[in-house]
Structures are given as C-alpha cells and as structure tokens.
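Let's take a walk through this one together, starting with the fold and ending at individual side chains. Keep the viewer open as you read.

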Amino acid sequence: MRFYEDYYVHTTSTNERWDLIAQKYYGDPTNILPIVESNRHINPKDTLDDYLEEGIKVYVPVIVSPQFTNQKLPPWRRS
C-alpha cells in the first residue's frame, strides 16, 4: 500500500462507481487501484463492479507525475 501526501475528498452521488471517480480525477477509468487502496473502509472487494452508496466520503490520492527535464540528458542531446 502506498501513502500519499494529499487527497481529494469526494462525496459519492447516485449511481457512482470506482471507475467513474478515477475518470473524473485522473482521466483514466482503469486507474482505480490508488483510490481503492486508500479507501479500504468502504470494503471495495464487494463493490468494485457495483454502484457505491450515495454520500460516502472517498479519498482520492493526488498523483503527481514527475516532470521530465532535458537537464537529465547529456549536453549533446538537449534541445
């Protein structure tokens, strides 16, 4: 299990699923693992394909992608 420094707090609405939350925050409906790992209190193994109850607080980890800089390249490869 990973630990994240920051989280969004999302309150579920009617007919919401893990993949819809992942799509909303990450732009990728298949990236549910960080959200599921951070919300073990919801018992996701029973609800991965089902709709979540309305009004549940879901913690969505903030994922920051490392920024690529050309400073890591050798001088002759930098543009």
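What follows goes from the overall layout to one surface patch and one buried serine.

First, a caveat: what you're looking at is a predicted model. Its secondary structure is easy to list, with two helices and two strands. Reading from the N terminus, those elements come in the order β-α-α-β.

Now for the chain as a whole. There are 79 residues, and 25% of them count as buried. About 6,000 Å² of the protein is exposed, with carbon and sulfur atoms supplying 50% of that area. How much of the contact map comes from residues 24 or more positions apart? Among contacts with a separation of 6 or more, such pairs account for 63%.

Next, zoom in on the surface. Tyr7, Val9 and Tyr59 make up a nonpolar patch there, and together they offer about 260 Å² of accessible area. To find the patch in the viewer, start from Val9, which sits in strand E1, residues 7-11.

For the other stop, head to the loop that links helix H2 (33-37) with strand E2 (57-61), where you'll find Ser38. Is Ser38 buried or exposed? Its relative accessible area is 13%, so Ser38 is buried, given that the cut-off for buried is under 20%. The side chain of Ser38 also has a polar partner to look at: one of its polar atoms lies 2.9 Å from the backbone oxygen of Pro34.

Key
Residues numbered from 1 in each chain as written. Predicted model: local features only at pLDDT ≥ 70, side-chain atom pairs only at ≥ 80, totals over all residues. Heavy atoms only, no water. Patch = residues over 30% accessible without salt bridge, like charges linked within 9 Å, V, L, I, M, F, W, Y side chains within 5 Å. Areas by Shrake-Rupley, 256 points an atom, 1.4 Å probe, with all protein chains shown as cover. Salt bridge = Lys/Arg side-chain N within 4 Å of Asp/Glu carboxyl O. Helix = DSSP H or I, 4+ residues; strand = E, 2+ residues; numbered from the N terminus. Buried < 20%, exposed > 50% of the residue type's maximum accessible area, 1.4 Å probe, protein only. Polar contact = N/O pair within 3.5 Å; in protein donor to acceptor, adjacent residues only side chain to side chain. Contact = heavy atoms within 4.5 Å.
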